[in-house]
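Good morning, colleagues. Please have the sequence and the structure in view while I speak.

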Amino acid sequence: METKSALDLIASDNWFSERNQQWPGIAASYKVKKLLVHERTQYQDLVIFESTNHGKVMLLDGVIQLTEASEFIYHEMMVHPALFTHPNPQKILVIGAGDGGVIRELCKHACVQSIDWCEIDGKVIEYAEKYFPQIACSNNDPRVRIHVGDGYKFVADSKSETYDVIITDSSDPVGPAKMLFTKQFYADCCRILKAGGLLASQSECMFLDVPLISELVKNSKEVFKNGCTRYSSMYVPMYPYGQIGCLLNRKYCQKMAANDSMNVAQVNRSIPESIQNTLKYYTPEMHAASFVLPKFIASKI
């Protein structure tokens, strides 16, 4: 279903229904308590509303990006598997992630020295800081450098072997995010990663997008040759079917291969107590378990 505005999806009885052609025939619905923001930015239709039971909700082009009630699951699982399977992540690149949740989780790691953050729509950052301050709470960390621009171009223009970890927290593969799912983008990410470095990419829902996930995995295995490619599943109530994935790719490293630590399902660092105390979903056990997939998807990738 195409809509000119996300407001078209809010009925007269103040129920928002996430009707979209990407998931035909189903829709999650939220009772709207108060509309807080509606703006058509340069790139997309942005809505923030306060719901009756799930806190504030952000929509982009009518699609839920986060709810205050369950954003922690997605943000913890987009960041910590990559950060804890890397032996010493220092230089990080983030593409997308305009709400700031990925940045919040990254800044919990004392070993991280710098974070380049490239988000195409500065309005998303601006409104997240205003309406989701507990999520965008680390935007001003001195390690963070914000670049408002095209993430695809930022990666293409970056020097080889620059980063330890790249996190692509994108919206669905339509509109401005479409290029972030291409084989060329993955190849550029691999080029700018150091040996043993990781790319963690939002990789859609296994109940909806098996052909796309299969293509992403195939491309990844070709790009990250002799490395490690695994799809990690997380269970997030705010997304269609309550599930979304993160594709983790590790660039080949001779030293890591020699000591059998290439597998991204393996935790390679202990979790400091200061981080453990902030987590509500991620654990070493959940890290490993997230890569165990049902037969219908495992057999396809």
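I shall discuss one sheet and then two helices. Please bear in mind that this is a predicted model.

Let us begin with the sheet. Five strands form an open sheet in the order β1-β2-β3-β4-β5, and their pairing is antiparallel. Which strands stand at the edges? They are β1, residues 15–17, and β5, residues 63–67; each has a single partner strand, so one side of each is left without a neighbour in the sheet. On average, and ignoring direction, neighbouring strands here are turned by 40 degrees against each other. At the β1 edge, three bridges join β1 to the antiparallel β2, and F16 stands opposite Y30 of β2.

I turn now to helix α3, residues 122–131. At its N-terminal end, D121 acts as a cap, with a side-chain oxygen 3.1 Å from the backbone nitrogen of K123. The buried residues of α3 are V124, I125, Y127, A128 and Y131. What do these residues pack against? Their partners are β2, β3 and β4, together with β7 (114–119) and β8 (144–148). Strands β2, β3 and β4 also belong to the five-stranded sheet just described.

Finally, helix α6 covers residues 210–223. Its 14 residues reach 20 Å from the first C-alpha to the last, close to the 20 Å expected at 1.5 Å a residue. Buried in α6 are V210, I213, L216, V217, N219, S220 and V223. The elements covering these buried residues include the helices α5 (183–192) and α10 (295–298), as well as the strands β11 (228–235) and β12 (243–250).

Terms used:
Residues numbered from 1 in each chain as written. Predicted model: local features only at pLDDT ≥ 70, side-chain atom pairs only at ≥ 80, totals over all residues. Heavy atoms only, no water. Helix = DSSP H or I, 4+ residues; strand = E, 2+ residues; numbered from the N terminus. Expected span 1.5 Å × (residues − 1). Buried < 20%, exposed > 50% of the residue type's maximum accessible area, 1.4 Å probe, protein only. Contact = heavy atoms within 4.5 Å. Polar contact = N/O pair within 3.5 Å; in protein donor to acceptor, adjacent residues only side chain to side chain. Pairing = 2+ DSSP bridges. Axes fitted to C-alpha atoms, helices over the stretch in contact; angles between N-to-C directions.
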